[in-house]
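The following exercises concern surface, interior and backbone features of a single protein chain. Each task is followed by a solution worked in steps.

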Amino acid sequence: MASNWIGILFGFGLAAMAAFQQFKLPPVLPNLLDLYQYEPLFAGGLMSVYALIGLFFSMGLGSAMARWGPPRFLLLAFAAVMSGNLLALAAPEQFLVMFISRAFEGLGFAVFAIIGPVYASRNAAAQHLPVAIALSAIWIPVGQLTANALTPIATAVNDWRVLWFAGFALAVGFALWTIWIRHHKQVDLSAGLHTAAAAVTAHSRAENRFLIVTAIIFTLWSGQYFAYMTWLPLFLIDVHGFDQTASIIGYSVPVCMLIVFSLVTAALLKRGGSVAVLLMISLILQAFVWLSMSWATYPLFGLALLVIYGVGIGIAPVCLFALPSTILGAERSGPKAFAILMTGRNLGVLIGPILLPQIVTYFVDWDVNGWIFGSITTVAMALALSLVIGLKNRTA
């Protein structure tokens, strides 16, 4: 089979657009806190609500898309994202309206985050599968960097709404592209799932166990990752005295490294590198950064920690998204497997952004987060080691 690059890029684009919707918040969060006096717990909830929606709907969406096909869910997801952006623009000062708007966006995200990686992997030939997996892993940082790139414009005009107008325009653009693709039959939007649901979703007990361990690792990893990336701009402003522009530059350092090392990891996997071993190495790097947080006040060391963290978070998502194919085989890693992963991810996204500010409020010390989240990442590393052993014994 030849790769369908339109399908690969369409799947990647859907997921990256979804990541933009979620990550348009952190760069302007300091502005929103100043303008509307949101409580820190609520502000973290504006990120975590995506996870809450995902927890309620991801597993059901995976099964429903396998049963009825993805196209009808795509159109509903676009409508949800557009509605969410418009609600936020209408009444941002009302926290309940803002929360509901993010919930609508989160509903669309739940669909795009499942089907985007599936489109990317299903449209890739065997020799291009590592590239598709890498694209499936970097959709979050690409969405983040897109939001970061637009933030200086929002800052220049002193209007955070620039990012929400952009979010609405992106949703409209991708909805029109979807209609075009469907009309011209450039991509199989059902991805072969509707006709082969039973074969795709049948997992053995051992396979389910490996997938569940992977989901738990994803929970722990995404919890610390989303805590870090949600509050890093405010941390740089409050603790290090950065202005907003400098904080966005600092925030972008690990994101840029993430993209670079996601592609490096994909190349290593293509050459036969061990998914689980690379995952374990990435978690060691991230745990080191958290546990070294109290020394981040030294400028060069602080910059080094941003780079090291970026390397770690570049390796981890490629490995996590590659594990379903490693465990099940590429032809069986459909929506159900990705839904299990996304359920784990959503748990972490729900907890991380809310937990971190509560720790700061209770201890009145940002450094305590380093020990807590460093411990969480170390547990994830131990579970990754168990995967290394389990997968090795399975193939022995």
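**Exercise 1. A residue of the first helix**

Is glutamine 21 buried or exposed? Place the residue in its element and list its contacts.

*Solution.* The model under study is predicted.
Step 1: glutamine 21 belongs to helix H1.
Step 2: its relative accessible area is 1%. Buried means under 20%, so glutamine 21 is buried.
Step 3: when neighbours within four places in sequence are set aside, the residues in contact with glutamine 21 are Tyr50, Val81, Asn85, Arg102, Glu105, Gly167, Leu170 and Ala171.

**Exercise 2. A nonpolar surface patch**

Determine which residues form the nonpolar patch on the surface, and which element contributes the largest share.

*Solution.* Step 1: the patch consists of Trp5, Ile6, Leu9, Val131, Trp177 and Trp180, and together these residues have about 550 Å² of accessible area.
Step 2: two or more of the patch residues come from each of helix H1 (5-23) and helix H8 (161-184).
Step 3: H1 supplies the largest share, three residues.
Step 4: tryptophan 180 can be examined individually; this residue is located in helix H8. Its relative accessibility is 48%, and therefore tryptophan 180 counts as partly exposed.

**Exercise 3. Enclosed space**

How many cavities of 30 Å³ or more are found, and which residues line the second largest cavity?

*Solution.* Step 1: the count comes to two cavities of 30 Å³ or more.
Step 2: the second largest cavity holds about 40 Å³ of space.
Step 3: its lining is formed by Pro117, Ser121, Ile133, Ser136, Phe321, Ser325 and Phe338.
Step 4: sorted by element, two or more lining residues are given by each of helix H5 (95-122), helix H6 (129-137) and helix H13 (299-328).

**Exercise 4. The largest pocket**

State the volume of the largest pocket and identify the element that gives the most to its lining.

*Solution.* Step 1: the volume is about 410 Å³.
Step 2: the lining of the largest pocket comprises 25 residues, and those nearest the pocket centre are Phe235, Leu236, His240, Gly302 and Leu306.
Step 3: the elements that give two or more residues to this lining are helix H10 (205-238), helix H11 (244-270), helix H12 (275-291) and H13.
Step 4: H10 gives the most, with six residues.

**Exercise 5. A serine in H12**

Where does serine 282 lie, and which residues does it touch beyond four places away in sequence?

*Solution.* Step 1: helix H12 contains serine 282.
Step 2: the relative accessible area of serine 282 is 0%, so this residue is buried.
Step 3: not counting residues up to four places away in sequence, serine 282 touches Gly312, Ile315 and Ala316.

**Exercise 6. Positive phi in two loops**

Describe the phi value, location and exposure of glutamine 37 and of lysine 185.

*Solution.* Step 1: most residues other than glycine have a negative phi.
Step 2: glutamine 37 has a positive phi near 55 degrees. Glutamine 37 is placed in the loop between helix H2 (29-36) and helix H3 (40-68). Because its relative accessibility is 59%, glutamine 37 counts as exposed.
Step 3: lysine 185, although not a glycine, has a positive phi of about 55 degrees. Lysine 185 is found in the loop between H8 and helix H9 (197-201). With 73% relative accessibility, lysine 185 counts as exposed.

Notes
Residues numbered from 1 in each chain as written. Predicted model: local features only at pLDDT ≥ 70, side-chain atom pairs only at ≥ 80, totals over all residues. Heavy atoms only, no water. Patch = residues over 30% accessible without salt bridge, like charges linked within 9 Å, V, L, I, M, F, W, Y side chains within 5 Å. Areas by Shrake-Rupley, 256 points an atom, 1.4 Å probe, with all protein chains shown as cover. Salt bridge = Lys/Arg side-chain N within 4 Å of Asp/Glu carboxyl O. Helix = DSSP H or I, 4+ residues; strand = E, 2+ residues; numbered from the N terminus. Buried < 20%, exposed > 50% of the residue type's maximum accessible area, 1.4 Å probe, protein only. Contact = heavy atoms within 4.5 Å. 1 Å grid on protein atoms, 1.4 Å probe; cavity = no way out; pocket = protein on both sides within 12 Å on 5 of 7 lines; lining within 4 Å. Points joined across faces, edges and corners; volume = space filled by probe spheres on them.
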